[in-house]
Amino acid sequence: MLRFPDHIRNNPRLRLHKLSLFSCNSAALMASKTFSSSFSLLPLTPSPKRLSTPCKRLVPYLSSKPYSKNHSLSLRTNGFSSIPSANVSAPVYSKELEDRPLNMRSLEILKHKLKQLGIDISACVPGRENRLLCPSCNGGESEEISLSLFINQDGSSASWMCFRAKCGWKGITKAFADGKPSYANLSRVNKVKVKREITVESLQLEPLCNQLIAYFAERMISAETLKRNAVMQKKSGEEIAIAFPYWRKGSLVNCKYRDIAKRFWQEKDTEKIFYGLDDIEDASDIIIVEGEIDKLAMEEAGFRNCVSVPDGAPPSVSSKEVPAEEQDTKYQYLWNCKEYLKKASRIILATDGDPPGQALAEELARRLGRERCWRVKWPKKNEVDHFKDANEVLMYLGPSVLKDVIENAELYPIRGLFNFRDFFDEIDRYYHRTLGYEFGVPTGWRALDGLYNVVPGELTVVTGVPNSGKSEWIDALLCNLNESVGWKFALCSMENKVRDHARKLLEKCIRKPFFDTSYGSSVERMSVEELEKGKKWLSDTFYLVRCENDSLPSIKWVLDLAKAAVLRHGVRGLLIDPYNELDHQRPVSQTETEYVSQMLTKIKRFAQHHSCHVWFVAHPRQLHHWIGAPPNLYDISGSAHFINKCDNGIVIHRNRDPEAGPVDQVQVCVRKVRNKVVGTIGDAFLSYDRSNRSSCSCKCGLKFCIVWIMMT
């Protein structure tokens, strides 16, 4: 009696008829494209033109291995799992068991331990490999018989491993251990030392019967392709399996089997190589697919230079470095075929479109070299889904479309290497001004907007001699940006006490002095109600980056907190004021110039990655012969990289000589603008009102009044 998996046997929509064994000599069974009544299973496979999921015509469930289902325990794994020892209690055995011969006693104890792990060995034979349903993954959706269990002839120990890529559960236990299974690494489980020599005769392989040929025909694989690739079958009692022989230079190296429920297994102790390896000998272009049927599908589209991996796909890309050749057990087939692969100048990765298939493509590219890899983009099935693999495309869209997919393969992406076409969408949005802030955000002072605008993702370095108003000007700029576009800011202002900085910002927002003191002149002090309103504005607009102890913050510490502020609070600007208040410890071998270069690079990467504008205040070095003129950006203490690496460079200068002009005049010197779309070099002069630290005395309504502009 042929045995089918539960999900097929219990499906009420499938009308099962009594099945008889395939016979290669039963020519009468091929009187039509459908099976005879003794083999038929309804509903029949729909036409591929309908673009619906095909219902595979069933052939008998096949297996040459013992079949046992274990239902007693379902275990979660992470690929290489173990069972917590606390869940396995030490067994208590009867006096009758102790009186038995040692080998029988060992087997009974072993049976008891394995039963606690969900492995039933009642039908297993010691001294040989036994195939069972894995209790850890239950064989996946297809209930694949994937657990390989080996019991020593004397019953003293057992080792097991699940060969499903998404599971990989493995272990070893002994009968006379302490009652708790111990687990070995992969090299100790089913380690192959000597490769078996196999032949078609020793494996008892047979030509495909007509029914299997018809099964492949429904998948658009011709009898000619099957014959050229020597696809065969294997019988075991009343069961039958499709056999995919793995050849190398005409010699049979391995054989992989598949039944209709997509259960796979391979010959034990054989060498892992690509399926179809001889087809890529001396080929400059190679196609790699994920399954044997996909390799056959490629041949139907005209590509014989195609191979299939033997072991399927991993669940995800490994986070570890690629191991050495002798330790790379999962991908040993690559190293076994390296003489074929090294001749290829282009390798097209046509793995499945699902996440495991994409993970396989990445793992292959890591080992083969991304620079010579290409990848396919499977066509869309509908508005949401894509076709999964080569055989699906062949079945539904035909060989010409599959050929086009391969011929239009794209270069495999290399991290850090791009083409302008990768950014065409962004360029189009930039042209049509739909990105936002293409010309930057105006400063709030009309004349200065012609020189300097604030662009997200840029770095502005601000300098000036002490007491020139650098911090006051930046604070006013932040207030203007908040009022015009609602930006929020992270403030790392280490020269200011929190209460003093709050006072300055409140005076700029409310436009009244915080105290009744001499600097407030005759202007009325802000009221309690205005203070409360201002406090809410402070809370909604600014986030403080400050050390809670007496240590100096490093630039990494500042940027890490600023990143948190961007992600948590949506800040769009960061102020670091000033440079000399940061911790600048550096290796002895590193110069200050090298340190400043690396620091500014980190700041720029932060700004670009988070689309956050950064203002960085840096003082000039000691000016021994200063005569009152504005310093330049090359005067900044530390390095010329401050002007070389910044996107915008601004010098804030205040006149100190009453004979030279008003002493409340602030000169904004724009000395560098990298993006010429948003500004240019020049000077603007602002009038500063001490009473509220922002509003001009002419009551024009601007927070800083432009008195005049002098272009240079």
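This section describes salt bridges, cysteines and a group of paired strands in a predicted model.

The model contains 35 salt bridges. One of them joins R346 to D285, with 3.4 Å between the closest N and O atoms. R346 belongs to strand β14 (residues 346-349) and D285 to strand β12 (residues 285-289), so this salt bridge ties together parts of the chain that are 61 residues apart in sequence. D285 is partly exposed, at a relative accessible area of 26%.

A salt bridge is also found between R367 and D328, where the closest N and O atoms are 2.7 Å apart. This pair, too, links distant parts of the chain, its members being 39 residues apart. R367 is located in helix α10 (residues 355-368), whereas D328 is in the loop that lies between β13 (306-308) and α8 (332-336). Both R367 and D328 are buried.

The side chains of E339 and K342 form a further salt bridge, with an N to O distance of 2.8 Å. E339 has a relative accessibility of 45% and is classed as partly exposed. K342, with a relative accessibility of 55%, is classed as exposed, because the limit for that class is over 50%. Elsewhere, R228, D279, K295, E299 and R304 are joined into one network by salt bridges that share partners.

The number of disulfides in the model is zero. For C492, the closest cysteine sulfur is that of C547, at 7.8 Å, which is too far for a bond. The cut-off for a disulfide is 2.5 Å between the sulfur atoms, so the distance from C492 to C547 does not meet it. C492 is buried, with a relative accessible area of 0%. C255 is likewise buried, and its relative accessible area is 0%.

Strand β4 (residues 147-151) pairs with both β3 and β5. Strand β3 (residues 129-132) runs antiparallel to β4, and four bridges join the two. Within this pairing, L132 has L147 of β4 as its bridge partner. Strand β5 (residues 157-162) is also antiparallel to β4, with five bridges between them. Here, I151 is matched with A158 in β5. Strands β4 and β5 make up a hairpin in which five residues separate the two strands. In the turn of this hairpin, G155 has a positive phi of about 70°. Strand β4 is mostly covered, as four of its five residues are buried.

N130 is located in strand β3 and is buried, with a relative accessible area of 0%. Its side chain takes part in polar contacts with the backbone of V125 and R128. A polar atom of the N130 side chain lies 2.9 Å from the backbone nitrogen of V125. The N130 side chain also reaches the backbone oxygen of R128, at a distance of 3.0 Å. When neighbours within four places in sequence are set aside, the residues in contact with N130 are C124, V125, L147, S148 and L149.

Definitions and conventions: Residues numbered from 1 in each chain as written. Predicted model: local features only at pLDDT ≥ 70, side-chain atom pairs only at ≥ 80, totals over all residues. Heavy atoms only, no water. Salt bridge = Lys/Arg side-chain N within 4 Å of Asp/Glu carboxyl O. Buried < 20%, exposed > 50% of the residue type's maximum accessible area, 1.4 Å probe, protein only. Pairing = 2+ DSSP bridges. Polar contact = N/O pair within 3.5 Å; in protein donor to acceptor, adjacent residues only side chain to side chain. Contact = heavy atoms within 4.5 Å.
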